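Please open the model in your viewer and keep the selection panel at hand. The tour proceeds by selections, each followed by a description of what is found there.

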Amino acid sequence: MAMDPSAAAQAEDAARRIEEAEAFFRAAPPLRDRDRLAASLADFVARHAAGNRGVVCITSGGTTVPLEQRCVRFIDNFSSGQRGAASTEYFLKAGYPVIFIHRRGSKQPYCRFLPEDSFLDLFELGEDSEIQVPQSHSSVVKAAISNYRKAIDEGLLLKLPFTTIFEYLQLLQMVATSMNCLGHRGMFYLAAAVSDFYVPWESMAKHKIQSAGGPLNMQLNQAPKMLFILRKKWAPSAFCVSFKLETDPNILLQKAEMALKKYGMNVVVANELANYKDVVVMVTSSGRTTVSRSSKEEDLEVQLTDLLVKMHSEHIAQPNS
Ligand code: 9Z3
């Protein structure tokens, strides 16, 4: 039977994207410690595979794009990790086990309220040289330790760090394929800021690029669209939430709608750099919902995660959606 031409074009497009992704992984430098990470991931997923609650993978922080294999220079993407860290806390509070794929050195769950400058400010030496926490910081430190320890001791939080786009995408692939067994109970909350462009490993300078040759001309390749592969191949039944960041408000919602359709996301959270902590728009196939924080004291992520937990429950309850 002949295939409808638009279905044939879509199948061809999907095959091309999958091949591009596979070529990216073949050429990427292998993940350090892959076997150990894979074992702790398999153990985490197996522990939460029984039962009926959701499991969420949260990505957080910006990816780097190295310019040299022995990297001295790199391009970075804007993201402090605040959104991912805060959301991790709220998903844990809602009873979700969380796999937290985060940029090394970015904001961490339960540490957001600790003083920024130096962790040495958190401690002082007592008369007998024992370490004490000054009174002014004792309640935030106690809360951070007890919430963090609870999540770790109950086996509800797995932290996987990345720096480069190569590490990030390999981790995402590893997590998504291992969460595939959870079907509709899996959720992806992709808040990490991922570079659209990169230098392929094989064409990257091995040593530090020299300035004696004059101005630097460099061509960056487009990074393969892994959201598409995540949905099509790695974890097709999961509930997928991606974020769209723009600086131009006139194109933001249109770009979010495009991402929703093109990559088959369940929700695209549209945010503008100028006010992303105060307001976001959740774009779904049934419309748009604006979420704004109720006061400067409350994180926007409280409402955002609350709505997503409800939508994910509906997704789990309707396995054909
Ligand atoms: C976001 O849009 C996040 O909300 C922020 C959070 C990065 C603005 P912070 O970490 O900031 O709290 O400081 N993340 C996604 C950004 C992104 O790279 N999206 C891609 C795009 O816009 C799609 S994967 O094309």
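How many strands form the open sheet, and in which order do they lie? In this predicted model, eight strands make up the sheet, in the order β7-β4-β1-β8-β11-β12-β13-β14, and their pairing is mixed. Select residues 157–162 and 287–292 to see the edge strands, β7 and β14, each of which pairs on one side only. On average, neighbouring strands of this sheet are turned by 15° against each other, direction ignored.

Move next to β11, residues 239–246, together with β12, residues 267–272. These two strands pair in the parallel sense over six bridges. Within this pairing, display Lys244 and its counterpart in β12, Ala270, which stands opposite.

Keep β11 selected and bring the ligand into view. Which element supplies the largest share of the shell around the ligand? That share, four residues, belongs to β11. Adding α3, residues 82–93, to the selection is useful here, since α3 and β11 each supply at least two residues of the shell. There are 15 residues around the ligand, and those that come nearest are Ser80, Gln82, Arg83, Phe243 and Leu245. Colouring the shell by class gives seven nonpolar, six polar and two charged residues.

Now select helix α4, residues 135–153. Its 19 residues reach 27 Å from the first C-alpha to the last, close to the 27 Å expected at 1.5 Å a residue. Is α4 largely buried or in the open? Only one of its 19 residues is buried, so α4 lies largely in the open. Just after the helix, Gly155 takes a positive phi of about 70°.

Two further positive phi values occur at residues other than glycine. Select Tyr110, in the loop between β4 and β5; its phi is about 70°. Then select Ser129, in the loop between β5 and β6, where phi is about 65°. Which of these is buried and which exposed? Tyr110 is buried because 21 other C-beta atoms lie within 10 Å, the threshold being 20 or more. Ser129 has 6 C-beta neighbours inside 10 Å and therefore counts as exposed, the limit being 12 or fewer.

Finally, select residues 56–151 and 173–297, which UniProt lists, in an unreviewed entry, for "domain: DNA/pantothenate metabolism flavoprotein C-terminal". In the span 173–297, the end C-alpha atoms lie 36 Å apart, and the content is 25% helix and 28% strand.

Conventions:
Residues are numbered from 1 along each chain as its sequence is written. This is a predicted model: local features need pLDDT of at least 70, side-chain atom pairs count only at pLDDT 80 or more; totals for chains, interfaces and linings use all residues. A residue is near a molecule or strand if its C-beta atom, placed from the backbone, lies within 6 Å of it. Ala, Val, Leu, Ile, Met, Phe, Trp, Tyr, Cys and Pro count as nonpolar, Asp, Glu, Lys and Arg as charged, and the others, Gly among them, as polar. The expected span of a helix is 1.5 Å times one less than its number of residues. UniProt positions are given in the numbering used here, feature names are shortened, and annotations may be inferred rather than shown by experiment. Two strands pair if DSSP finds at least two bridges between them. Axes are lines fitted to C-alpha atoms, for helices over the stretch in contact, and angles run from 0 to 180 degrees between N-to-C directions.
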